[in-house]
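Subject: Structure for your review

Dear colleague,

Please find below the structure that I am handing over to you. I should be grateful if you would read the notes after it with the model open.

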Amino acid sequence: MSKQRKRYFLNEEEIPNQWYNIQADMVTKPLPPVHPATKKPLTPEDLYPLFAKECADQELNQTDAWIDIPEEVREKYKYYRSTPLVRAYALEKALGTPAHIYFKNESVSPMGSHKLNSAIPQAYYCMTEGVSNVTTETGAGQWGASLSYAGSMFGLNIAVYQVKISYEQKPYRRSIMQTFGAQVTPSPSMSTRAGKDILTNDPNNQGSLGTAISEAVELATTTPNCKYCLGSVLNHVSLHQTVIGLEAEKQMEMAGEYPDIVIACFGGGSNFGGLAFPFMRHRIKGENGKSHTRFIAAEPASCPKLTRGEFKYDFGDEAGYTPLLPMFTLGHNFKPANIHAGGLRYHGAGVIVSQLLKDGLMEAVDIEQLESFEAGCLFAKTEGIIPAPESCHAIAATIREALKCKETGEEKVILFNLSGHGLVDMAAYDQYLAGNLQNYHLDENTLKADIESLDNLQP
């Protein structure tokens, strides 16, 4: 087997039968979400009208480190799991680095990204409750496509609000969702009160994930027998994604190595947490040989909640329909630039990740759009996979660390998550190759004003 083709797989019996809940092991537990009117901590019962009951229970569970994966969900996982762990020898050679670079290839799922790992259990839990209709939001479309597919598995009607700029930039993701029977609406739209208000104030609004969430939540709460599903940010979504890291642990053992650095791109936190949390538990517990690992979240410089945001209670959506979440945020009124990494254009970070960042257990870096595409093109040329624009941020951060190893001569082991492929994002690559993309620079005064507007929301 040539070096460029070294991959590690697990057999079906080794696919995880439990998800890992990092909340149970965290020394400092995440602060609770609170009701925006009463400012009192939420209970699972408060979330039952919006989410499937099991998801609501998982969201606030801070006691059980391991949560069983339903057998029917695990059977669906077997359609595409385990995903391969790959040693990126060709990328290492191109960089001239002594670092050993590995990537967990989540692009091999039927929908081409990691999002299916949570879409399947969320759709399953809705089905078991007798729910017939499900609403959601999506940015670049990977989550919307995954939930549309999962909904078709379990006989659910799916309505997706896709961020308008991504709806226009990525028409084929819209087609994928519609192929599986989903109704897809560009957001903001005139179909909800939230959308009408946004368009009244700003007729040319191109949308954001916060806007699309508002519309999806409103539809869920006004439609009989309907629940809302979310593709990132929330704790139960990151929980489901830990199948990635749990598999990667076993596969790294097969490779005879352990990561010194774990990297993933960052929008709301699901694919970062999915890869990082299983490894991070060893650092939290101070286990010998496994407590030194660095964890790096790579976010876009145009939407830098981890690197330039502040830790505050904020709404998860633009209209203010959600509970108040304790998170690093740019403010729910923040208007992200129209970058092609649509899945990373979210104003806030997940509650768990925000607490971990506060506690110094992880780091964050911001990546400019042009640097991300340069990294993606190098990865495509060396490893033969065109990465999603979101995943390009993780690759760029990996290249930065690998080049540091080149300077110091250190032979570090770097593991990153290839969260999706970019075969439905070729319009973005066309624009990059034609020299038509640009970096976006955020004004500090604008950022400060958006964050200061949250002061009256604090408990």
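The notes below cover the sheet, a helix pair, the salt bridges and two individual residues.

This is a predicted model, in which local features need pLDDT of at least 70 and side-chain atom pairs count only at pLDDT 80 or more, while totals for chains, interfaces and linings use all residues. Residues are numbered from 1 along each chain as its sequence is written, and side-chain values use heavy atoms, with hydrogens and water left out.

The sheet. An open sheet with mixed pairing is formed by seven strands, in the order β1-β4-β5-β15-β10-β11-β14. Strands (E, at least two residues) and helices (H or I, at least four) are DSSP runs numbered from the N terminus, and two strands pair if DSSP finds at least two bridges between them. β1 (7-8) and β14 (363-367) are the edge strands, each with a single partner, so one side of each has no neighbour in the sheet. Strand β10 (residues 261-265) runs parallel to β15, and three bridges join the two. I263 stands opposite F416 in β15. Helix α12 lies across β1, β4 (85-87), β5 (100-105) and β15, at about 140° to β5. Axes here are lines fitted to C-alpha atoms, for helices over the stretch in contact, and angles run from 0 to 180 degrees between N-to-C directions.

A helix pair. The axes of α16 (residues 369-383) and α18 (residues 426-433) come within 11 Å and cross at roughly 105°. This makes α16 roughly perpendicular to α18, a label for angles of 65 to 115 degrees (under 35 is roughly parallel, over 145 roughly antiparallel, and the rest oblique). L370, F373, E374, G376 and C377 of α16 make the contact with A428, Y429, Y432 and L433 of α18, where contact means heavy atoms within 4.5 Å. Seven of these residues are nonpolar, one is polar and one is charged. In that grouping, Ala, Val, Leu, Ile, Met, Phe, Trp, Tyr, Cys and Pro count as nonpolar, Asp, Glu, Lys and Arg as charged, and the others, Gly among them, as polar.

Salt bridges. A salt bridge is a side-chain nitrogen of Lys or Arg within 4 Å of a carboxyl oxygen of Asp or Glu, and by this rule the count is 19. One of them joins the side chains of K170 and D425 (2.8 Å, N to O). K170 is in the loop between α7 (164-169) and α8 (171-179) and D425 in the loop between β15 (413-418) and α18, so the pair ties together parts 255 residues apart in sequence. Both K170 and D425 are buried, meaning under 20% relative accessible area (exposed is over 50%, partly exposed in between; 1.4 Å probe, protein chains only). E249 and R281 form another salt bridge (2.9 Å, N to O), and both are buried. In addition, R81, K104, E106 and E247 are linked in a network of salt bridges.

Two residues. R193 is found in helix α9 (residues 193-201) and, at 46% relative accessibility, counts as partly exposed. Leaving aside residues up to four places away in sequence, R193 touches E218 and Y321. T211, in helix α10 (residues 209-222), counts as buried at 0% relative accessibility. With the same sequence neighbours left out, T211 touches S187, P188, I198 and E318.

Yours sincerely
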